[in-house]
Amino acid sequence: MESLVASRFGLCTNPFPSWLPLSCSSMKRNFLISTSKANLRAQSQQNDPLLNAAFERAAARFQESQRSDPLFIDPYAGCLLPVKFDVLSEQRLLPYCLATKFIDDKLLSALDKVDGPKQVVLFTDGMDTRPFRLNWPASTIIYDVSPEEVFRTATEKLQDVGAKIPRRCVFHHVPLNSSNLQHILGNKGFNGTKPSIWAFQGLPVMNMEIFKDILCVISNLAMKGSLLLGELPLWPGETDFRCKSTTKRCLESLFMSCGFHVEVIECNGLLMEEYANILFVAEHLRFSDDQMEIWRRELQRIEEEGDEEGFEEL
């Protein structure tokens, strides 16, 4: 009786009964190997800080989507979550959801002003569902720059529930640890002579110096007039972010060093100390490398034509 109860209610530790034929030993071995791999993978995921941070943001979007009057609805956040996840308090939930809503609206409103093909580059934690849940205009090319392992985990779960990119849109993933981000984006079709919109939310950036490196890459790629928006973490020790004037001056200097004019956004009076991130919108003031190359070729052509005319006069 005890064995029957254990077997029926999943209390038996051995999934293979004693009467299993010896000819099935290979099946038993494969089962044990796959189970062991699954357990190791689950254990490694629990110890992965990037994955855990992405789970927390997905949980926030899931909780917000369940409200009677949500700021937004993320129909895919639930499928990304583990069986057990922490419920976030309202104090932690609201600032992130306000920031997410702001970025969603700003992305779509900015795209409405772009004629022809539209380029969007998302710097994310790997579980950003914007490519699937937002109503992207036709001919939008979406690039997701994020940690590869987290992105792979999310992709498997999204495929299981049938999540798809809107029709007539294109989606590319670029691993965060790519050796040459600028080169890879170019190989995947990014065009620096066309308008682009860049959004930053969730990407794990350890300090201001790393963000500046990313900002320089964006400056090299983005056409003049392109927008960069999103939220940045408050890096401890970098500056006194408790002072709004200090924060603003610091960010203005950082962005201007890479050719951006930035505006810090106050989200409905949200105090800095209530949220560990800063909302911003920045406009690119420089020409991209592709634009500069066009100018270089044009100047070279003019010089060559001038040399030919001078030679003919002689």
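# A tour of the predicted model

Pro131 is found in helix 6. Start there, and keep in mind that this is a predicted model.

**Stop 1: Pro131 and its partner across the chain**

Select Pro131. Its relative accessible area is 0%, so Pro131 is buried. Now add Ile165 to the selection. The two residues are 34 apart in sequence. Their C-alpha atoms are 6.1 Å apart in space.

**Stop 2: the second largest cavity**

Stay with helix 6 and look for enclosed space. How many cavities of 30 Å³ or more does a search of the whole structure find? It finds two. Go to the second largest, which holds about 60 Å³ of space. Select its lining: Arg57, Arg61, Tyr96, Thr100, Asp125, Asp128, Thr129, Arg130, Arg133, Gln201 and Gly202. Helix 3 (49-65), helix 5 (90-111) and helix 6 (130-133) each give two or more residues to this lining. Colour the lining by class. Six residues are charged, four are polar and one is nonpolar.

**Stop 3: the largest pocket**

Keep Arg57 selected and turn to the largest pocket. Its volume is about 630 Å³. The pocket is lined by 25 residues, and the closest to its centre are Ala53, Arg57, Pro233, Ala276 and Asn277. Arg57 is also one of the residues lining the second largest cavity. Which elements give two or more residues to the lining of the largest pocket? They are helix 3, helix 5 and strand 5 (227-233). Helix 3 gives the most, with five residues. Colour this lining by class too. Here 15 residues are nonpolar, four are polar and six are charged.

**Stop 4: Val121 in strand 1**

Move to strand 1, residues 118-123, and pick Val121. Is Val121 buried or exposed? Val121 is buried, with a relative accessible area of 0%. Next, add Tyr143. Val121 and Tyr143 are 22 residues apart in sequence. From C-alpha to C-alpha they are 4.6 Å apart in space.

**Stop 5: the aromatic cluster**

Tyr143 leads on to the rings. Ring pairs link Phe123, Tyr143, Phe190, Trp198, Phe200, Phe211, Phe255, Phe260 and Phe280 into a cluster. Show these side chains together. Across the whole structure, a search finds twelve aromatic pairs. Zoom in on Phe200 and Phe211. Their ring centres are 5.2 Å apart and their planes stand at 90°, so this pair is edge-to-face. Where do the two residues sit? Phe200 is in strand 4 (residues 196-200), and Phe211 is in helix 9 (residues 208-221). Eleven residues separate them along the chain, and the pair links distant parts of it. Both Phe200 and Phe211 are buried.

**Stop 6: a turn of the backbone at Ser139**

Now look at the loop between helix 6 and strand 2 (140-146), and select Ser139 there. Its phi is near 70°, a positive value in a residue other than glycine. Ser139 has 31% relative accessibility, so it counts as partly exposed.

**Stop 7: helix 7, end to end**

Select residues 148-160, which form helix 7. The helix has 13 residues. From its first C-alpha to its last it reaches 18 Å, close to the 18 Å expected at 1.5 Å a residue. Highlight Val150, Phe151, Thr153, Ala154 and Leu158, which are buried. Why do these buried residues line one face of the helix? Look down the axis of helix 7: its buried residues fall within an arc of 160°, so they line one face. The general rule is that an α-helix has 3.6 residues a turn, so residues three or four places apart point the same way. Rotate to the face turned away from the buried side. The exposed residues Gln159 and Asp160 are there.

**Stop 8: beyond helix 7**

Follow the chain out of the helix. Gly162 follows helix 7, and its phi is positive, near 80°. Carry on to Arg168, in the loop between helix 7 and strand 3 (170-175). Arg168 also has a positive phi, near 65°, and it is a residue other than glycine. Is Arg168 buried or exposed? At 65% relative accessibility, Arg168 counts as exposed.

Definitions and conventions: Residues are numbered from 1 along each chain as its sequence is written. Side-chain values use heavy atoms; hydrogens and water are left out. Helices (H or I, at least four residues) and strands (E, at least two) are DSSP runs, numbered from the N terminus. The expected span of a helix is 1.5 Å times one less than its number of residues. Buried means under 20% relative accessible area, exposed over 50%, partly exposed in between (1.4 Å probe, protein chains only). The arc is that of the directions from the helix axis to the C-beta atoms. On a 1 Å grid over the protein atoms alone, a cavity is a set of points where a 1.4 Å probe fits but cannot get out, and a pocket is an open set with protein on both sides within 12 Å along at least five of seven lines; lining residues have an atom within 4 Å of a point. Grid points are joined across faces, edges and corners, and a volume is the space filled by probe spheres set on the points. Ala, Val, Leu, Ile, Met, Phe, Trp, Tyr, Cys and Pro count as nonpolar, Asp, Glu, Lys and Arg as charged, and the others, Gly among them, as polar. Rings of Phe, Tyr and Trp (its six-membered ring) pair if their centres lie within 6.5 Å; planes under 30 degrees apart count as stacked, over 60 as edge-to-face and the rest as tilted.
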